[in-house]
Amino acid sequence: MAEKNIPMREALRAALREEMLRDERVFVMGEEVGAWDGTHKVTRGFLDEFGERRVRDTPISEMAIVGAAVGAAMAGLRPVAEIMTINFAFLAFDALINHAAKVRYMFDGQFKVPMVVRAATGWGNQATATHSHTPEPIFAHFPGMYLGCPSTPADAKGMLKAAIRDDNPVLFTEVIALYPKPGLVPDDPDFVLPIGKGDIKRAGKDVTIVTYGRGVEWSLDAAEILAREGISCEVVDVRWLRPLDLPLIFESFKKTNRCVVVEESLPFYSFGSEIAAQLQEHMFDYMDAPIKRVSAMDVPLPYAKEIELMALPDAHKVVAAVKEII
Amino acid sequence: MSDLTKTLTRAELIEVYHQMVLIRRFEEKCKELYNARKIGGVYLHLYNGQEATGVGAIKALKPTDHVITAYRDHGIAIAKGADVKRVMAEMFGKRTGVSGGKGGSMHIADVSVRMWGGYAIVGGHLPLAAGIALKSKYNEDGEVVLCFVGDGATNNGYFHEALNLSAVWDLPVVWLIENNLYGMGTPVSVASGQPELHKRAIAYGMKDFGRVDGMDFFAVYEVAQQAVEYARAHGPALVESITYRYEGHGVSDRIYMKRVEEMQRFQQRDPLIVMENKLREMFPDIEPELAKVEPAVAAIIEEAVRFAEESPVPTAEDLTRHVYA
């Protein structure tokens with residue numbers, strides 16, 4: 001089938017729109033999703049096309065947005081709630097963790113919770129300390145809710161459709177810096193990428209770089225630089241932090257025996273910590289070097305550009321980490 | 001008594017009384033079994049004293065309407081029609097319990113009778129109620145959600161966000177504040193700048209159905225009927241029921257026993273006594289029917305306890321089941 005070269009925000013918009021056309025139970029709710037066309041323009045034109053019943057502007061009420069999505073999902077609808085940025089999801093932490101993720105289990109499977117919470121994530125352009133979080137690992141800590149974060153427009157479409165069609169709650173984070181970046185996206189309205197399936201974004205044999213979201217771009221850039229020096233990197237994009245595609249990571253590691261984890265988020269109790277723990281627990285016999293982590297620095301992000309960038313990962317930091325273990 | 005409440009037949013009223021006695025004896029039995037360590041855990045929030053509020057409000061619903069509440073949930077589940085045997089089995093943590101032994105006292109749900117459960121984070125179920133009501137609004141199915149709200153929950157953010165959302169979306173939900181005068185050990189007057197909790201409705205542009213005597217089934221039923229039908233036709237409604245719990249906040253509460261005078265004042269207007277007296281007034285020859293209620297209830301409780309005791313415990317397979325759909 002045909003493909004189009006479109007930015008990630010358009011790929012997400014296509015996924016959402018196609019699912020709303022396919023299933024009457026799917027609707028969107030959140031701050032500014034309607035008349036404003038969505039803060040990130042993912043729901044552009046939806047209010048005109050679908051009307052107020054299915055495109056529901058909400059007050060600034062994160063607890064109620066997520067909690068009402070949980071209730072609506074329990075009762076049989078398939079809400080796609082938008083939390084404008086993941087920074088505001090902390091306000092809805094209880095609704096996400098104590099309700100979305102747990103109600104099915106604690107009532108012994110009497111109902112399902114087919115809901116998606118979309119949230120923009122990542123640092124950007126001097127947004128400062130409270131608006132610069134990439135906290136996926138915190139939310140992926142708890143059983144009962146899936147968490148996906150796409151790195152390309154095609155993944156964004158296929159993963160969001162999978163999230164909407166799944167019967168479990170999904171927190172779906174979208175990297176703000178990737179919204180405008182283009183890529184080839186299949187037109188197929190049934191282009192669905194399975195939940196929990198990672199992807200090899202670049203094949204290689206010397207080092208495995210495990211990453212997701214924005215980290216994929218830095219890792220691919222680093223792999224390109226390192227290739228010129230004769231070092232071959234395999235870039236594993238896990239796509240989903242929960243469920244995590246450990247078999248894919250292990251398969252790559254068995255081949256390379258070395259691993260660098262690249263994450264946009266903080267280093268303490270992190271994605272990198274989990275990958276390193278899993279590898280030492282299950283792949284110890286294949287390990288030829290310590291696992292390295294490239295993360296943001298363990299500080300809140302400041303305003304001034306010079307020191308903001310200093311605190312963040314980039315391709316050069318990935319290159320340096322790979323060289324340390326090669 | 002208004003015309004509305006006369007719509008209940010004598011048989012229905014006996015059934016109502018039966019249900020209130022059943023809840024009272026169920027809770028007394030739970031306390032006894034907890035003290036005997038047959039019911040485990042650290043949480044047991046009993047409904048004794050509040051029966052008229054739960055039964056009165058739920059009686060105003062159609063079977064297709066929905067109920068959701070906080071952790072003081074046994075009585076409300078029974079009033080909505082949950083199987084008493086399976087509620088008791090849940091108290092015992094048995095596989096046959098309504099929540100498979102995974103929920104316990106605070107998480108009693110029976111979706112087959114549209115009882116969506118008890119929730120244990122104060123205020124956490126309020127937006128869920130709004131969401132279930134949104135389903136009714138979205139599908140235009142005419143169903144109403146009755147959400148029980150403790151007085152303590154009126155002071156956290158969930159209350160504000162959920163009530164406001166229900167108002168801006170005109171959701172078919174009745175917010176019924178069960179004001180039993182204390183949030184754990186803190187009096188409402190200490191916790192709330194405006195202790196007349198029904199007045200919160202004004203802040204949201206919501207229909208205020210005022211305060212009702214929560215110890216009197218007929219009073220609750222009458223106001224609840226109006227509120228439920230208002231919600232069905234127009235949008236959210238708020239009712240405050242003044243009631244009293246005879247037990248502590250939970251079984252570990254020892255402060256409540258110091259409130260002797262207050263307790264006596266409410267117990268003189270005990271929901272069961274108020275109901276019996278009204279029934280005698282309405283039907284002078286009702287004594288033989290009333291007399292049959294206690295033995296019938298005792299048999300149900302006995303059977304429920306036996307069922308719970310004889311039921312199997314959950315398995316290792318149950319431990320990991322239903323984490324995901």
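**Exercise 1. Determine how far helix α4 (residues 84-91) of chain B is covered, and by what.**

Step 1. Count the buried residues. Six of the eight residues in α4(B) are buried, where buried means under 20% relative accessible area with a 1.4 Å probe and protein chains only. Helices here are DSSP runs of H or I with at least four residues, and strands are E runs of at least two, numbered from the N terminus. The model is predicted: local features need pLDDT of at least 70, side-chain atom pairs count only at pLDDT 80 or more, and totals for chains, interfaces and linings use all residues. Side-chain values use heavy atoms, without hydrogens and water.

Step 2. Name them. They are Val84(B), Val87(B), Met88(B), Ala89(B), Glu90(B) and Met91(B).

Step 3. Find the cover. It includes α1 (10-35), α3 (74-80) and α12 (287-310) of chain B, with contact taken as heavy atoms within 4.5 Å.

Step 4. Check both ends. At the start of α4(B), a side-chain oxygen of Asp83(B) comes within 3.0 Å of the backbone nitrogen of Lys85(B). Gly93(B) follows the helix, with a positive phi near 70°.

**Exercise 2. Lay out the six-stranded open sheet of chain B.**

Step 1. Write the order. It is β2-β1-β3-β4-β8-β7, with parallel pairing. Two strands pair if DSSP finds at least two bridges between them.

Step 2. Mark the edges. β2 (115-118) and β7 (207-213) of chain B each have a single partner strand, so one side of each lacks a neighbour in the sheet. The twist averages 15° from one strand to the next.

Step 3. Inspect one pair. β1 (residues 66-69) and β3 (residues 145-150) of chain B are joined in the parallel sense by three bridges. His66(B) has Val145(B) as its bridge partner in β3(B).

Step 4. Add a helix. α9 (residues 217-233) of chain B lies across β4 (173-179), β7 and β8 (237-242) of chain B. Its angle to β7(B) is about 165°, between N-to-C axes fitted to C-alpha atoms, for helices over the stretch in contact, on a scale from 0 to 180 degrees.

**Exercise 3. Locate the largest nonpolar core.**

Step 1. Size it. The core has 122 residues, and Met74(A) and Trp175(B) have the most contacts inside it. Such a core joins buried Ala, Val, Leu, Ile, Met, Phe, Trp, Tyr and Cys residues through side-chain atoms within 4.5 Å.

Step 2. Find the main contributor. Helix α3 (residues 62-74) of chain A gives the largest share, ten residues.

Step 3. Place it. Domain 1 (3-186) and domain 2 (199-325) of chain A both supply residues, so the core lies between them. These bounds come from an automatic or database domain assignment.

Notes. Residues are numbered from 1 along each chain as its sequence is written. Chains are lettered from A and ligands numbered from 1 in the order in which they are written. Buried means under 20% relative accessible area, exposed over 50%, partly exposed in between (1.4 Å probe, protein chains only). A polar contact is a pair of N or O atoms within 3.5 Å; within protein, one must be able to donate a hydrogen and the other to accept it, and residues adjacent in sequence count only if both atoms are side-chain atoms.
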